[in-house]
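Subject: Structure handover

Hello,

Here is the structure I promised to pass on. Please open it and keep it in view while you read the notes below.

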Amino acid sequence: MAQKFRLGLDTDFRYDSNIDLLPDGFEEEGYTYTLSPDFMMRVLGDQSSPHMVGVAYSPTLFWDDVSDDVEVDQNAEVLYVLRGPRLTASVRGYYDHISGNNVRDLSDRRLTAFIREERRAESDRYGVDATALYDLTGMLDLGIGGNYSDWQFGSGLNDVSSYSGDVALLYGADGGRTRIGPY
């Protein structure tokens, strides 16, 4: 039987030459620290059942050598997956509150696309992702995806909402190493 509840812990320690983003000549350097417990729970089903629902919550505590404040970022996600004989579909909703510091996961291209100052600005970020993969034949799948995201910065400047979508025709064995096709 698969796990229904998972607990994780992420930590980070790094040197920053300009913690408060001050102009040249006024920089304050020091170390930044983060601590983030991750709580994940599968509410319904598992990886092989027709319906699966999972929720995750991860607060991130952030502090540095320069200020005495501890700031807390919030991240919450909900995932629903539908698996049928030929169709696999999923919907994921998320909410992030960034308290005004470095984002933790710089491997996330959505976050690194923003310049350093915007990543550190206080913001609330909402989004919904939806995907569907339909098996046309044993070797050919049709994939469709869509995304809505809304980022609201505390300053009211640079707020952004975006919609995106994609369609793919994939050739290759399901779960195979290589699948090709137009995307």
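The notes below go from the whole chain to its aromatic rings. One caution before you start: this is a predicted model.

**The chain as a whole**

The protein chain has two helices and nine strands. Follow the sequence and you meet them in the order β-β-β-β-β-β-α-α-β-β-β. The two helices therefore sit between a run of strands before them and another run after them.

The chain has 183 residues, and 28% of them are buried. Its exposed surface comes to about 11500 Å². Carbon and sulfur atoms supply 59% of that surface.

Now the contacts. Take those between residues at least 6 apart in sequence. Of these, 49% join residues at least 24 apart.

**The aromatic rings**

How many aromatic pairs does the structure hold? The count is six. Two of them are worth a look here.

Start with Phe13 and Tyr31. Their rings are stacked, with 5.1 Å from centre to centre and 5° between the planes. Phe13 belongs to strand E1 (residues 5–16), while Tyr31 belongs to strand E2 (residues 30–44). The pair therefore ties together parts that are 18 residues apart in sequence. Is Phe13 buried or exposed? Phe13 is exposed, at 52% relative accessible area. Tyr31 counts as partly exposed, at 36% relative accessibility.

Next come Tyr33 and Trp63. This pair is stacked too, with 5.8 Å centre to centre and 20° between the planes. What does the pair tie together? Tyr33 lies in strand E2 and Trp63 in strand E4 (residues 60–64), so the link joins parts 30 residues apart in sequence. Both residues are partly exposed: Tyr33 has 23% relative accessibility, and Trp63 has a relative accessible area of 32%.

These four residues also share a group. Together with Tyr15, the residues Phe13, Tyr31, Tyr33 and Trp63 form one aromatic cluster. Try selecting these five residues in your viewer.

**A charge over a ring**

One last spot to find. Which residue lies over the face of Trp151? Arg125 does, at 4.2 Å from the ring centre.

**Where to look again**

If time is short, look at strand E2 with its neighbours in the pairs. Tyr31 in E2 pairs with Phe13 in E1, and Tyr33 in E2 pairs with Trp63 in E4. Then turn to Arg125 and Trp151.

Best wishes

Notes: Residues are numbered from 1 along each chain as its sequence is written. This is a predicted model: local features need pLDDT of at least 70, side-chain atom pairs count only at pLDDT 80 or more; totals for chains, interfaces and linings use all residues. Side-chain values use heavy atoms; hydrogens and water are left out. Helices (H or I, at least four residues) and strands (E, at least two) are DSSP runs, numbered from the N terminus. Buried means under 20% relative accessible area, exposed over 50%, partly exposed in between (1.4 Å probe, protein chains only). Contact means heavy atoms within 4.5 Å. Accessible areas come from the Shrake-Rupley method with a 1.4 Å probe; for residues, only the protein chains shown count as cover. Rings of Phe, Tyr and Trp (its six-membered ring) pair if their centres lie within 6.5 Å; planes under 30 degrees apart count as stacked, over 60 as edge-to-face and the rest as tilted. A charge sits over a ring if NZ of Lys or CZ of Arg is within 6 Å of the ring centre and within 35 degrees of the ring normal.
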